[in-house]
Amino acid sequence: MNVQKKNRNIGAALLFFIFGLLFFVLAVRFITIQYTGEVKGQALAAKASQLYKRTDVLKAKRGTIYDREGEVIAEDSASYTLIAVMDKKVTLDPKRPHHVVDPKETAKKLSEHISLSEQEIYERLTKKGRKQVEFGPAGRDLPHRVKEEIEKLKLPGIGFIKDTKRFYPNGIFASHLIGYAQGEQSNGESTEIVGKAGLEKSYNEMLTGKDGSLTYKGDVWDFILPNSKKQIKEPKNGKDIYLTLDKKIQTFLEDAMNKVDQKYSPERILAIVADPKTGAILGMGQRPTYHPVTREGIEKNWHNEVVESSFEPGSTMKIFSLAASVEEGVFNPNATFPSGKYYLNNKQPPIKDHNQGNGWGPITYLEGVQRSSNVGFAYLLEKMGTDTWRDYMDKFKFGQKTGIALPNEASGKILYEWPIEKVTSVFGQGTTVTSMQMIQAASAIANNGKMMKPYVVDKIVDTATGDVTETKPEVSGQPLSSKSAKEVRDILETVITAENGTGNQFYQLDGYSVAGKTGTAQIAAPNGGYLQGRENYIFSFLGMAPKDDPKLVMYVVVEKPKLRQDENGALPVAEIFKPVMKSSLQYLNIEPEKKEKAVITELPDLTDMNVQEATEFLKEKGLKPVLLGNGKQILSHSPKKGDRVIEGEKVVIKTDAKLSIPDMTGWSKRDVLKVAKLAELKVNMVGNGYLMKQNIKPNSKVTAGDHLVANFANQTEMVEKKKSEKDKAEEEAPLD
């Protein structure tokens with residue numbers, strides 16, 4: 001018994017010793033940690049601070065791309081991704097649910113705002129095991145307006161993730177030049193926006209800013225702790241780029257190319273509008289093209305062919321061989337040559353004129369230029385010599401890159417080894433060029449001998465510092481004298497005005513003289529030789545206006561258009577050149593050179609005629625009849641009997657039927673007042689310029705005493721309003 005008791009005492013003493021030792025070690029450790037504030041060499045205060053430390057990224061804004069007038073072409077904009085929270089655990093108060101409670105009702109209401117059907121949304125909301133749901137492309141990149149509409153529904157569990165996307169307000173607009181940028185994702189989360197093509201890619205580093213940060217102490221819910229100090233590192237936004245493009249001129253170009261593309265279905269269209277005095281590119285485009293937001297159409301062609309593709313230019317090259325012969329003093333417009341065929345030697349087939357080599361008999365060299373005679377230019381080459389012409393090709397910088405700040409520029413190739421290649425080069429066969437080279441070379445003709453280097457970036461602005469880097473116009477050469485350049489323009493004008501000119505009836509502009517040259521180039525076949533068939537050509541025109549002091553130079557290329565048997569290949573080219581050149585000159589306030597005398601008519605008493613007779617009479621006089629009502633008899637009209645009216649003026653006619661108001665959009669105040677007076681309306685006019693909006697819908701019936709509210713705006717505001725409405729419709733259209 002005593003032994004057992006003794007053993008228990010020893011065990012108790014041993015346990016007491018062990019626990020005492022552990023307590024001593026813990027006490028020493030506790031005191032040491034408290035005194036030093038470190039564990040394993042790491043400060044506990046730092047570890048605690050790190051535990052509560054939170055860091056948020058302050059996103060930098062990508063630089064904006066503007067046109068020359070400061071109109072936005074590409075910019076960052078807020079976008080929203082629609083999400084649905086399905087996890088019931090996020091709801092703490094059943095009266096205020098934070099998850100989707102009624103999937104069926106939620107699906108029904110959401111289907112009215114995004115491009116998914118009610119059934120598709122319901123299926124996403126009812127998948128088992130999902131804590132949060134997104135809605136694919138239909139729920140991404142939503143504009144702020146759609147977000148607000150959905151928020152007004154107050155649907156439990158429906159929320160948004162804010163993001164940034166690259167926005168192109170003009171849609172398809174110099175797409176291959178501007179390119180596109182898009183947000184990249186890493187581990188399912190959006191990162192910075194990166195340029196993928198065009199200027200967005202080549203200037204990506206400059207456009208991309210540097211993100212900042214916000215550091216603070218927060219709780220487990222990421223709320224900032226009281227008295228927590230915040231450390232802010234401001235983001236550095238990307239630099240803004242101002243282009244030489246002019247939004248109005250580019251819009252003229254895009255619209256014209258769209259019409260020709262739809263009407264003639266060519267394989268390719270290339271077009272450039274430039275200022276020959278500076279080399280600034282004012283408009284530039286191609287077809288096929290793509291939409292920079294949806295990338296629709298990019299699979300057809302993602303290359304910027306204006307600078308990346310070279311081709312045989314055809315007879316537009318005669319502008320420069322003509323210029324060389326004029327500068328060398330060997331071009332005599334009144335001297336003659338035998339047209340039809342030119343024999344280089346006895347071993348090779350002759351060079352023929354485009355009318356199957358029949359020619360037009362002996363003709364002058366001036367007529368040879370007008371008729372675009374290959375034979376005439378072969379004789380000119382004889383006169384100036386092949387070495388001289390080769391030097392001029394260098395002076396015009398063919399076979400060399402222009403140095404424009406765009407990626408992947410091609411240089412073209414001058415084939416000049418064999419005698420036949422030397423002869424064909426004067427009329428644009430064999431040797432290849434780019435569209436940008438043709439514009440650069442043409443600037444020498446338009447700018448009195450000084451050739452200007454083309455450029456598309458006007459200036460770069462650092463928004464943080466205010467520093468501006470401008471691109472100054474650069475003379476890239478002077479291949480001919482001012483006198484020779486003027487003489488060449490005079491000769492090229494006759495290509496348009498002369499009865500035998502290849503540009504006659506196609507490229508004449510009302511009010512402006514044009515100097516230019518047509519081109520019909522053969523297309524090299526894959527297996528050698530050239531393609532055959534009336535449509536298998538590259539049709540082009542290189543022109544400038546006004547002829548005496550060109551403000552614009554324009555080059556248009558249309559490849560393999562679908563033509564009817566009675567249609568000429570110049571038609572699709574002219575349908576781009578003429579409206580764009582004329583609209584651009586008018587937009588730039590270039591005064592017309594010729595003003596036709598207005599035709600003035602003294603109005604008779606139209607009440608003596610019936611409606612049909614009066615309508616026919618007015619149209620014969622070049623006037624525009626406007627009928628109020630569909631009656632047969634005329635009660636009154638404005639202007640009235642004896643008034644003198646100018647050709648093109650509106651004559652408003654009140655008939656004996658119930659009156660209706662026409663669509664008066666774009667009308668002047670004077671014309672609107674004509675309608676209001678005859679219809680006996682009470683009119684309230686707001687603004688100045690031309691009618692932009694009327695409160696009475698077109699073709700609505702009216703009675704005397706009705707109120708007409710007419711809102712007016714200037715033409716620029718009207719164009720901007722229509723463009724804004726179009727852009728808004730494109731922005732709000734659901735993406736597939």
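Where does Glu649 lie, and between which two strands? I began here, keeping in mind that the model is predicted, and I found Glu649 in the loop that runs between strand E29 (644-646) and strand E30 (650-655).

I next looked up whether Glu649 is buried or exposed. Its relative accessibility is 11%, and because buried means under 20%, Glu649 counts as buried. I also noted that Gly622, although 27 residues apart from Glu649 in sequence, is 8.1 Å apart from Glu649 in space, taken C-alpha to C-alpha.

Entry on His291. I located this residue in the loop between strand E14 (281-287) and helix H10 (305-308), and with a relative accessible area of 17% His291 is buried. Which backbone atom does the side chain of His291 reach? I found that it is the backbone nitrogen of Val293, at 3.1 Å.

Entry on the surface charge. I saw that a patch of positive charge on the surface is formed where Lys210, Lys233, Lys236 and Lys239 gather. From this patch I followed Lys239, which is found in the loop between strand E11 (231-233) and strand E12 (240-243). Lys239 has 31% relative accessibility and therefore counts as partly exposed.

Entry on helix H20. Which residues of helix H20 (residues 669-678) are buried? I wrote down Asp671, Val672, Lys674, Val675, Ala676 and Leu678 as the buried residues of this helix. Looking just after H20, I came to Glu680, which takes a positive phi of about 55°.

Terms used:
Residues numbered from 1 in each chain as written. Predicted model: local features only at pLDDT ≥ 70, side-chain atom pairs only at ≥ 80, totals over all residues. Heavy atoms only, no water. Patch = residues over 30% accessible without salt bridge, like charges linked within 9 Å, V, L, I, M, F, W, Y side chains within 5 Å. Areas by Shrake-Rupley, 256 points an atom, 1.4 Å probe, with all protein chains shown as cover. Salt bridge = Lys/Arg side-chain N within 4 Å of Asp/Glu carboxyl O. Lys, Arg positive; Asp, Glu negative; His and termini not counted. Charge placed at Lys NZ, Arg CZ, Asp CG, Glu CD. Helix = DSSP H or I, 4+ residues; strand = E, 2+ residues; numbered from the N terminus. Buried < 20%, exposed > 50% of the residue type's maximum accessible area, 1.4 Å probe, protein only. Polar contact = N/O pair within 3.5 Å; in protein donor to acceptor, adjacent residues only side chain to side chain.
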